[in-house]
Amino acid sequence: MSTTATSPQPGKPQPAPLDGGAPAAKHHHTTVTAKPVTWKLPVTLLVLAVVAFIFFGLMGPHQTAKFGISTGSDFFQLPALEVPAFLGGIVLSVIMLALAGYAVFLKTRNRKVPAWVTIAFIALFVAAFLIWVVGGARTTSISLAGLIAGSVTLAVPLVFGSLSGVLCERVGVVNIAIEGQLLGGAFTAAIIATLTHNPFLGLLAAAIAGALVSMILALFSIKYVVNQIIVGVVLNVLVSGVTGFLFSTVMQADKDKFNSPAHLDPITIPVLGDIPLIGPILFKQSLIGYLMYIAVIVVWVGLFKTKWGLRVRAVGEHPQAADTMGIKVNATRFWNVTLGGAIAGIGGSFFTLVAIDSFTKEISGGRGFIALAALIFGRWNPIGAFFAALLFGFADNLQSIVTIIGTPVPSQFMAMLPYLVTVLAVAGLVGRSRPPAASGIPYVKG
Amino acid sequence: MTETNRPRHAAEPDPAKTAGTAAQPTATPNTPDVETTDATDATTATSLDTAGGAMRPSAVPVSGQSGIVPGGPDSLMRKIFTGSGMVSVLAVLLALILGGLLIASTDKAVSASAGYLFARPSDFFSAVWSAATRSYVALFQGSVFNPRGTGAAGQFAPLMETLTIATPLITAGLGVALAFRAGLFNIGAQGQIIMAGILASWVGFALHLPMGLHLLLVLVAGVVGGALWAGLVGFLKARTGAHEVILTIMFNYIALYFLRYLLNTPAFQRPGETNPISPILDPSAVYPQILGTQYRLHLGFILAIAATVFVWWVLNRSTIGFEFRAVGANPKAALTAGINVPRATILVMAIAGALAGMSGVAQVAGTEKVLTDGVAATYGFDAITVALLGRSTPWGTFAAGLLFGAFRAGAVQMQIQTGTPIDIVLVVQSLIVLFIAAPPLVRAVFGLNPRKKKAVKANKSKTAATTGVAA
């Protein structure tokens with residue numbers, strides 16, 4: 001992009017991403033939640049807090065949950081955290097009740113519930129849930145460091161996928177094809193990294209493959225004005241078919257020649273990488289892991305602090321106005337969608353270059369749709385999408401740990417969690433998710 | 001935005017410009033003149049009525065909602081060749097050609113002859129031809145008529161298999177198509193099939209009722225299961241404005257994990273079995289095989305025909321169907337005209353779910369006779385492509401269901417005989433839908449666009465290509 005100028009626009013009010021400061025005027029009377037403050041959030045918090053108090057507190061297990069914090073390689077050791085499950089559940093759920101009460105109090109004064117209340121509530125709820133699960137298990141000890149590091153690992157493709165979705169939707173194109181972009185990236189990375197024995201070329205090829213999938217999406221939805229959701233759905237099937245076909249005919253015939261990609265090994269930053277808890281997350285990642293952090297920051301700064309980002313969001317919110325101001329709407333859309341595809345492609349390469357040592361059919365396993373969920377739960381904001389993806393990665397990781405340590409919670413319900421949370425989010429029960437106004441609407445100059 | 005309402009027949013993109021290379025759109029969207037020409041097929045132009053951007057356009061191209069046949073005031077021949085029916089045929093042809101090229105590209109004989117391509121090109125092209133045709137012949141023999149079968153019964157066995165596999169595709173496709181017509185994008189057929197399968201199979205193996213009544217209850221349970229699951233989406237959409245695409249995708253996964261959970265509980269797991277599989281349904285709870293026991297074809301196919309007639313009747317002859325179409329064409333106008341849009345949304349989703357539920361019943365009471373976590377296979381997702389190929393009309397969906405049923409049935413034989421993986425069916429299927437959704441592209445590939453203002457347009461696209469710079 002030629003105009004990634006870093007000069008912010010001081011005079012112009014920017015459409016607030018989180019609290020929907022200035023949605024188009026017509027939205028005020030078309031959406032249900034037009035009133036400035038609704039009862040939804042306080043009531044939802046209150047219900048969740050009561051549920052937590054009853055299940056995690058009063059009916060909580062009476063064992064002691066043990067969370068290992070340090071691993072052997074850390075340069076200083078912290079003792080394991082031991083929490084009496086019953087007491088911990090009571091204390092945490094009482095704090096949650098207090099937060100919910102605060103939200104209700106604010107509502108009675110007709111004031112908005114600040115974001116930190118919601119975020120703190122979610123964190124407390126997750127912590128209480130964790131204590132409850134581990135305290136009630138057969139083995140009442142897990143490694144917190146391993147749990148969190150594993151969550152980040154599982155979240156990497158989700159973060160890239162949801163960043164792709166953010167870029168596309170912010171510019172007004174719905175990207176259902178994240179799954180296909182991830183899968184295409186994974187496949188291309190595997191085959192190129194194998195043929196060239198160079199994982200970096202594999203990474204580059206994955207980005208190109210993702211961009212190509214995106215270009216088809218852009219071509220059909222912008223040039224031929226085909227419904228964007230139709231193209232996205234069909235592209236997922238197409239990529240799944242092509243990669244599955246080539247996997248069966250080419251890769252399986254000669255695995256050594258075509259499907260044993262060179263790997264990107266974790267790069268440990270000296271000293272910093274040995275800090276307990278934080279070290280493995282921030283400083284002991286593969287190249288793609290570091291790229292993830294860079295991508296989140298770059299996309300956020302780009303979208304909200306640069307001229308380019310202002311244009312992108314203008315195109316996504318009100319293409320006619322953007323056009324009037326001289327922004328080339330459809331070209332902006334085309335290149336943003338392509339860029340989004342490249343990012344998702346890199347995320348896909350994580351499967352074959354880092355996580356697993358070869359490509360298999362459907363290796364992305366529906367994570368493109370979880371990425372879509374993360375982007376919605378993160379309210380179309382790169383940072384929000386990042387934390388939502390982490391949360392879903394955490395749920396994914398907890399699901400396998402729950403199966404191992406043997407708790408009464410069926411692992412299938414853990415797996416269901418991201419989808420349930422997303423349904424609650426889009427139904428407006430947890431805050432209000434508003435997509436960019438022109439997302440999904442093709443722009444045809446009159 | 002009012003200008004977009006005008007159909008512009010004269011504004012078809014010309015073949016020279018829409019050859020389909022990826023580089024072109026980088027340039028074309030920059031020039032206003034070119035933009036307007038691209039987008040305004042007579043059908044797509046009307047689909048872009050967004051009331052000045054105040055509302056989302058219908059999820060379905062209007063070409064799929066009405067009987068408008070695009071075609072200018074040209075000759076009769078051109079009308080036939082540019083009509084939507086012809087585009088569908090050409091789209092299928094183009095997809096088959098591309099699929100054939102993909103098959104050939106991985107064929108050993110082809111790559112061997114490619115080594116001396118310039119010495120004897122005929123070898124290369126005959127190898128490409130035989131690789132592609134061998135697979136497609138096997139596909140045909142596996143889906144319609146097998147000349148090596150014993151007697152007429154054996155020779156037509158593949159056709160019966162096609163009809164069997166088409167059954168769930170047709171009913172689920174009808175569900176998706178009906179929702180399309182009301183402007184709703186129902187990606188949730190997969191989850192609706194699963195929920196229907198859960199309820200129907202439970203009635204089938206847990207209750208022991210007399211013949212006839214039992215099967216009826218199984219059917220009702222499945223239909224209600226699908227209707228409730230989809231109706232919940234309609235309710236959430238109507239009440240909270242949440243987008244149905246996101247909701248249905250999420251509901252698919254919730255249904256799948258719910259099914260996996262149930263299959264590990266004593267209520268659903270077969271006694272003495274460690275695998276997640278349910279008991280076999282009672283003989284009184286399964287569809288009878290309508291053409292004798294040598295074929296798997298079951299009563300569900302007759303019900304699929306009945307469902308097609310029902311959907312046709314609802315859409316074209318009933319008041320509620322008129323309301324559905326009105327909501328799909330323009331929700332604001334429908335609201336102004338006194339139509340209860342939330343009610344129509346919930347109702348159309350419920351009926352769509354009921355139709356998908358019939359697919360679930362066809363699976364557990366027709367072909368599988370047990371409940372596993374693969375009960376829906378990929379029928380729910382295939383149903384979307386079926387509905388799109390059928391242009392959201394009941395009989396079009398029926399025909400598309402038969403075609404994709406044939407692909408599915410034939411692909412198994414194709415894989416056995418020629419080693420061509422089943423995945424090629426996914427490729428061909430998705431290409432068909434992509435091409436059908438973009439008639440200008442197909443017409444451009446076959447050189448069928450109206451020859452108007454060609455010289456002028458060619459010049460314009462050239463200037464666009466030279467001046468096009470990304471914003």
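Over which residues of chain B, with 34 contacts beyond four places in sequence, does pLDDT stay under 50? That would be residues 453–471 of chain B. Keep in mind that this is a predicted model, and that it scores ipTM 0.80 and pTM 0.80. Here's a quick tour, starting with how far to trust chain B.

**Confidence in chain B**
- Chain B averages a pLDDT of 79, with 77% of its residues at 70 or more.
- Besides residues 453–471, there's a stretch at residues 1–74 of chain B where pLDDT stays under 50.
- The model still gives residues 1–74 of chain B 178 contacts beyond four places in sequence.
- Where pLDDT is low, predicted coordinates shouldn't be read in detail.

**Chain A at a glance**
- Chain A has 446 residues, and 54% of them are buried.
- Its secondary structure adds up to 17 helices and 5 strands.
- Take the contacts in chain A between residues at least 6 apart in sequence: 77% of those join residues at least 24 apart.
- The domain assignment splits out domain 1 (40–136) and domain 2 (146–390) of chain A.
- Measure from C-alpha centre to C-alpha centre, and domain 1 of chain A and domain 2 of chain A sit 33 Å apart.

**Helix H6 of chain A**
- H6(A) covers residues 178–196, which makes 19 residues.
- At 1.5 Å a residue, H6(A) should span 27 Å; the C-alpha atoms at its ends are 26 Å apart, so the two figures agree.
- H6(A) is mostly covered, with 17 of its 19 residues buried.
- Right after H6(A) comes His197(A), which takes a positive phi of about 55°.

**The largest nonpolar core**
- In soluble globular proteins, nonpolar side chains tend to be buried together.
- The largest nonpolar core here holds 283 residues, and the members touching the most others are Ala374(A), Ala389(A) and Ala365(B).
- Helix H17 of chain B (residues 341–367) supplies the largest share of this core, 15 residues.
- Both domains of chain A pitch in too: domain 1 (40–136) and domain 2 (146–390) each give this core at least three residues.
- Zooming in on Ala365(B), and leaving out residues up to four places away in sequence, its contacts are Ala200(B), Gly204(B), Leu215(B), Val218(B), Leu281(B), Ala285(B), Val286(B) and Tyr287(B).

How values were computed:
Residues numbered from 1 in each chain as written. Chains lettered and ligands numbered in written order. Predicted model: local features only at pLDDT ≥ 70, side-chain atom pairs only at ≥ 80, totals over all residues. Helix = DSSP H or I, 4+ residues; strand = E, 2+ residues; numbered from the N terminus. Expected span 1.5 Å × (residues − 1). Buried ≥ 20, exposed ≤ 12 C-beta atoms within 10 Å, placed from the backbone. Domains from an automatic or database assignment. Contact = placed C-beta atoms within 7 Å. Core = buried A, V, L, I, M, F, W, Y, C linked by C-beta atoms within 7 Å. pLDDT = per-residue confidence, 0-100.
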